[in-house]
Structure formats: C-alpha cells, structure tokens
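Please open the model in the viewer and keep the sequence panel visible. The tour below proceeds by selection, beginning with aromatic rings and ending with strands.

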Amino acid sequence: MWTEISVGAAQTREVLLSDGTSLTLKPGTRLTYPSHFTGRERQVFVDGQMTAEVAKDADHPFVITSGDVTVRVLGTRFELKSYSEDSNVEVLLLNGSVSLGIPSGDGRRE
C-alpha cells in the first residue's frame with residue numbers, strides 16, 4: 001500500500017518511514033512512499049524539496065526518484081530540491097555519499 005503526502009505552501013512536515021529514515025518535507029512538496037519496504041530497494045517518489053536522514057541498510061539501498069532523476073544512498077544525510085516545474089535539480093550532501101543518476105541524451109542513465 002502506498003501513501004501520498006502533500007505539504008501546503010506555508011508548512012513543513014516530518015515523516016518517519018518504516019525503516020527508520022527521517023524526512024523533513026518543505027513547503028509545496030509531494031511524497032509517495034510504501035507503508036513497508038519490500039524487495040531489494042527502499043524506493044520513494046518526491047516532487048519538491050526535503051531533507052533526508054537515511055537509515056543505514058547496506059543490503060537495501062534507499063532510492064529517491066524525482067522526475068527523471070534518481071538518488072541512491074545506503075545511509076547518509078542530504079537535501080534534495082526537485083520541483084516538477086523547475087528544470088534544475090539540487091542535491092546538497094550533508095554527511096555520507098550519494099549516487100545521482102540522470103538520463104543522457106539517448107535516455108540511458110549516467
């Protein structure tokens with residue numbers, strides 16, 4: 001079962017996911033996530049801006065998809081800004097490491 005949260009224009013919202021990952025959603029953000037993670041990846045979908053403190057799990061990477069961009073992490077702290085109406089995506093690494101996948105001109109991810 002998937003849950004969707006939309007944050008109002010003048011609000012922020014804290015979300016604690018089933019794996020212990022903590023997300024702070026900024027104004028105008030939409031988050032879609034499963035009630036429980038299953039499979040090899042812990043995947044969520046974001047349109048907007050958030051700060052994430054990802055719970056470490058080397059066997060199950062945390063994957064954030066926002067439009068054509070995919071951010072993969074094992075356990076780290078970072079900020080993501082990716083609104084669907086903007087052409088730019090910003091990732092600010094606060095601690096740890098992330099892998100950023102974007103499509104190349106032929107549609108493949110680099």
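In this predicted model, two aromatic pairs are counted. A pair of aromatic rings is described by the distance of the centres and the angle of the planes.

Select Trp 2 and Phe 45. Their ring centres lie 5.8 Å apart and their planes stand at 50°, so this pair is tilted; the tilted class covers planes that are neither under 30 degrees nor over 60 degrees apart. Trp 2 belongs to strand 1 (residues 2-6) and Phe 45 to strand 5 (residues 42-53), so that distant parts of the chain, 43 residues apart, are linked by the pair. Phe 45 is partly exposed, at a relative accessible area of 33%.

Next, select Phe 37 and Phe 62. Here the centres are 6.2 Å apart and the planes are at 70°, so the pair is edge-to-face. Phe 37 is found in the loop between strand 4 (30-34) and strand 5, and Phe 62 in strand 6 (residues 62-66); the pair therefore ties together parts 25 residues apart in sequence. Both Phe 37 and Phe 62 are buried.

Now move to strand 8 (residues 77-82) and display its side chains. Which of them are buried? Phe 78, Leu 80 and Ser 82 point to one face and are buried, whereas Arg 77, Glu 79 and Lys 81 point to the other face and are not.

Finally, add the strands paired with strand 8. Strand 5 runs antiparallel to strand 8 and is joined to it by six bridges; Gln 49 has Lys 81 as its bridge partner in strand 8. Strand 9 (residues 90-95) is also antiparallel to strand 8, with five bridges between them, and Leu 80 has Val 91 as its bridge partner in strand 9.

Note on methods:
Residues numbered from 1 in each chain as written. Predicted model: local features only at pLDDT ≥ 70, side-chain atom pairs only at ≥ 80, totals over all residues. Heavy atoms only, no water. Phe/Tyr/Trp six-rings, centres within 6.5 Å; stacked < 30°, edge-to-face > 60°. Helix = DSSP H or I, 4+ residues; strand = E, 2+ residues; numbered from the N terminus. Buried < 20%, exposed > 50% of the residue type's maximum accessible area, 1.4 Å probe, protein only. Pairing = 2+ DSSP bridges.
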